[in-house]
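Let's take a walk through this model, starting from what its database record says and ending with a few single residues. Keep the structure open and follow along.

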Amino acid sequence: MTLAKSATRARARRRGHGDGRTALGFLAPVFLGFAVFYLYPAVRGAWYSLTDWNLLSEPRFVGLDNYATLVGDPLFWNSLKVTAYYVVLTVGMQILGGLLLAALLHRLTRSLVLRSLLLVPWLVPSVTTALLWMWLLDANLGFFNHLLTAAGLDNQGFLTSPDLALPSVATINAWSGTGYTALLLYAGMLLVPPQIYEAAAIDGTGEVRTFLSVTLPLIRPILAFALVVSLISSFQLFDTVAVTTKGGPVNATRVIYFYIYEQAFTHFKMGYASALALSLVLVLGALTFVQMRLLRASTSDLT
């Protein structure tokens, strides 16, 4: 009996080692792609951030000079402020709109057609979306200004006014991403056992209180994931600004990504642009860590 058990354990260990090698073989292309397309560029970017490089001559090591320049650069701090304002607007609209759409889908209909339509704005390339909205919001010929004129109101420079440009850009990107966010949250709502809703109905809990007291706590990990994804994608705003406002008017939409692009490919300060990019990575990492800890994303009330 002891010999049989030992032989069984030995076969199990060999089978386990074989499964491990098979899994490693499947994961090897992923690790290789990560090393080539993410790890190596990140290391090179960190090196370039310590150099003065104009893309034409050899990089010249300058130590932390780029970071010292960054600290005293008013345009950098302005771009961070503009980006933070944009992130608050976009993430707020996406999460609130996504929660509303997800709740409506979950409680009223589960139509596959509606779910597919929600993804259409997210699937359209961001440059195409920006061009469409630029025409719709045009101060002279745009559809929305046509509606305002028909209602007896003045035309609005949605993309040319310093006060309206950034909220307009935020609305464009929130419109594009809300459907995807809604489907993420809807998938989380489907994980909630229906018996919990039945118990809440027996207790006489209304729809709004059920949503706030039952649904939201139970989908917290999905909500945290949606928030982190929305936060990171919002900080990466570039296409919409490059197509519609080009950072204007008066730096009102010069977000951090666009500022990095200008430093690298307009002013040919690749070393300084690398320092800006690395600083952005650190900011995003800190924000993501704080967000995940505050939302307790690793725990769920379902367990």
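A quick word on the record before using it: UniProt positions are given in the numbering used here, feature names are shortened, and annotations may be inferred rather than shown by experiment. Keep in mind, too, that what you're looking at is a predicted model.

With that said, the UniProt record, an unreviewed entry, carries the annotation "domain: ABC transmembrane type-1" over residues 76-291. What does the chain look like over residues 76-291 in terms of helix and strand? It is 76% helix and 0% strand there, and the C-alpha atoms at the two ends sit 24 Å apart.

The same unreviewed entry also annotates "transmembrane region" over residues 21-40, 84-105, 117-136, 172-192, 218-238 and 270-290. Try two of these spans. Residues 21-40 are 100% helix and 0% strand, with end C-alpha atoms 25 Å apart. For residues 172-192, the helix share is 90%, the strand share is again 0%, and the end C-alpha atoms lie 32 Å apart.

Now for how some helices pack. Find helix H7, residues 165-190, and helix H4, residues 112-123: their axes come within 6 Å and cross at roughly 140°. Is that parallel, antiparallel, perpendicular or oblique? Angles over 145 degrees would count as roughly antiparallel, so H4 is oblique to H7. The crossing of H4 past H7 is left-handed. On the H4 side, the residues making the contact are Arg115, Leu118, Leu119, Pro121 and Trp122, and they meet Trp175, Ser176, Gly177, Gly179, Tyr180, Ala182, Leu183 and Tyr186 of H7. Sort the residues of this H4 and H7 contact by character and you get nine nonpolar, three polar and one charged.

H7 has another partner to look at, helix H10, residues 220-235. The axes of H7 and H10 come within 9 Å and cross at roughly 165°. That angle is over the 145-degree cut-off, which means H7 runs roughly antiparallel to H10. The handedness of the H7 and H10 crossing is right-handed. Here Thr181, Leu184, Leu185 and Gly188 from H7 meet Ile222, Leu223, Phe225, Ala226 and Ser230 from H10. The contact of H7 with H10 breaks down into six nonpolar residues, three polar and no charged.

Time to zoom in on single residues. Ser274 lies in helix H13, residues 270-294. Is Ser274 buried or exposed? Its relative accessible area is 9%, and since buried means under 20%, Ser274 counts as buried. Setting aside neighbours within four places in sequence, Ser274 is in contact with Gly45, Tyr48 and Ser49.

Val88, in helix H3 (residues 74-107), is another one to check. Its relative accessibility is 60%, so Val88 counts as exposed, the cut-off being over 50%. Pick out Val229 as well: Val88 and Val229 are 141 residues apart in sequence, while their C-alpha atoms are 13 Å apart in space.

Last stop, Leu148 in helix H6, residues 143-150. Which residues does Leu148 touch, not counting those up to four places away in sequence? They are Leu153, Asp154, Gln156 and Phe158. Leu75, by contrast, is 73 residues from Leu148 along the chain, and the C-alpha atoms of the two are separated by 35 Å.

Note on methods:
Residues numbered from 1 in each chain as written. Predicted model: local features only at pLDDT ≥ 70, side-chain atom pairs only at ≥ 80, totals over all residues. Heavy atoms only, no water. Axes fitted to C-alpha atoms, helices over the stretch in contact; angles between N-to-C directions. Helix = DSSP H or I, 4+ residues; strand = E, 2+ residues; numbered from the N terminus. Parallel < 35°, antiparallel > 145°, perpendicular 65-115°, else oblique. Left-handed = near helix turned anticlockwise from the far one by under 90°. Contact = heavy atoms within 4.5 Å. Nonpolar A, V, L, I, M, F, W, Y, C, P; charged D, E, K, R; others polar. Buried < 20%, exposed > 50% of the residue type's maximum accessible area, 1.4 Å probe, protein only.
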